[in-house]
Amino acid sequence: MAKSGEGWLDETRSAYLYRVMAEVEGGSPRSKLFLELAREAEGQAAIWAKNAGLASVPAFASLLRRYGPRKLRGILAAMKVRGLSIYSHAAPGHPAPTSVEEVGKRHRSFGAGGNLRAAVFGINDGLVSNLSLILGVAGASSNTGFILLSGIAGLLAGAFSMAAGEYVSVRSQREMYEYQIGLEQAELDEYPDEEAEELALIYAARGMSVTDAHDLAQRTIANPELALDTLAREELGLNPEDLGSPRGAALSSFFSFGVGALVPLAPFMFARGDGALVAAVALTGVALFGTGATISLFTGRSAVRDGLRMLAIGGGAGAVTYFLGTLLGVSLA
């Protein structure tokens with residue numbers, strides 16, 4: 001009973017939002033797709049209908065009208081609105097997948113890239129935050145021991161904070177995705193023909209002929225493993241193979257931040273006074289430029305430009321904190 005009510009509620013809510021999305025996309029082929037999906041969702045709601053109440057979604061509908069489906073794609077996926085894969089960058093009419101391996105092929109390269117990107121930004125956070133902390137303390141005091149202790153505290157506090165935040169974020173996201181995929185499995189078991197019809201609509205909207213779209217959808221639904229994988233990707237816009245590991249994300253964030261934060265701290269472990277401070281600034285400057293240049297791999301921009309921009313941002317943050325630390329040191333003297 002509970003599952004039926006939950007399924008009815010999801011389908012009714014989805015149908016309402018499909019019609020809003022069709023309104024936003026008015027006159028385009030996407031509008032037709034969402035109207036068809038709305039009718040399918042209403043039909044599926046009738047199958048689930050037992051004893052359940054209607055959820056209220058007008059507030060979100062107003063956001064949808066204002067910002068459009070593309071910008072709210074993540075929230076729509078969480079609300080189990082299907083067909084979001086048409087907002088991907090894939091060109092309409094790309095060859096449709098016919099196996100689990102083909103379905104996942106174009107997604108896998110982004111998993112490794114995402115991990116590398118997270119590591120690069122983690123290192124950058126460690127560089128900027130600990131350099132700023134160390135320069136702020138150095139501006140207020142010339143005591144190397146005090147600077148070193150502050151830098152170590154900043155490294156540990158930042159690394160643990162990053163790890164905890166990343167764990168909670170990825171864990172919550174994974175649970176949401178697993179819940180959505182679980183609902184898709186329940187619907188696939190309950191009404192496979194209707195799911196095949198929805199999938200055919202999506203294929204047709206992406207450039208396939210209606211006949212080919214229906215044939216491919218029927219063959220896909222006939223294979224339970226392929227069916228769930230494809231529905232998750234094409235209807236929900238999710239990649240079941242790339243839901244993310246909370247522990248892995250936490251460890252990656254912890255160590256990447258720690259590596260970055262260690263760079264401005266290291267000179268104070270081996271030297272004292274102005275020499276250590278100059279070395280810290282120089283090493284961090286080189287690391288910031290290198291991090292910015294690496295980020296250019298993901299942005300497609302000039303490595304020199306991104307490197308100099310990151311150097312300017314980190315240098316500016318460090319200069320401000322050093323100046324504030326100097327003022328604080330003078331006022332406390």
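What follows is a short tour of the fold, one helix and the salt bridges of a predicted model.

Starting with the overall picture, the chain has 13 helices and zero strands. Read from the N terminus, the element string is simply α-α-α-α-α-α-α-α-α-α-α-α-α. Of its 333 residues, 44% count as buried. Take the contacts between residues at least 6 apart in sequence, and 74% of them turn out to join residues at least 24 apart. As for the outside, the accessible surface of the chain adds up to about 16600 Å², with 63% of that belonging to carbon and sulfur atoms.

Helix H7 is a handy one to check for geometry. It covers residues 192-205, and its 14 residues should span 20 Å at 1.5 Å a residue. The C-alpha atoms at the two ends of H7 sit 20 Å apart, so the expected span and the model agree. The buried residues of H7 are Glu195, Ala196, Glu198, Leu199, Ala200, Leu201, Ile202 and Tyr203, a list that includes the acidic pair Glu195 and Glu198. Just past the end of H7 comes glycine 207, with a positive phi of about 115 degrees.

Turning to charged side chains, the structure holds two salt bridges. One of them pairs arginine 171 with glutamate 175, at 3.4 Å from N to O. Both residues belong to helix H6, which runs over residues 144-190, and because they are four residues apart there, about one helical turn separates them. That spacing suits a pairing along one side of a helix: an α-helix has 3.6 residues a turn, so residues three or four places apart point the same way. Neither partner is hidden from solvent by the usual cut-offs, since buried means under 20% relative accessible area and exposed means over 50%. With 25% relative accessibility, arginine 171 counts as partly exposed, and so does glutamate 175, at 44%.

The other salt bridge joins arginine 309 and aspartate 306, with an N to O distance of 3.3 Å. Here the host is helix H13 (residues 303-332), and the two residues are three apart, again about one turn of the helix. The burial of the two partners is where things get lopsided. Arginine 309 has a relative accessibility of 42% and counts as partly exposed, whereas aspartate 306 is buried, its relative accessible area being 1%. In this pair, then, a partly exposed arginine meets a buried aspartate.

Definitions and conventions: Residues numbered from 1 in each chain as written. Predicted model: local features only at pLDDT ≥ 70, side-chain atom pairs only at ≥ 80, totals over all residues. Heavy atoms only, no water. Salt bridge = Lys/Arg side-chain N within 4 Å of Asp/Glu carboxyl O. Buried < 20%, exposed > 50% of the residue type's maximum accessible area, 1.4 Å probe, protein only. Expected span 1.5 Å × (residues − 1). Contact = heavy atoms within 4.5 Å. Areas by Shrake-Rupley, 256 points an atom, 1.4 Å probe, with all protein chains shown as cover.
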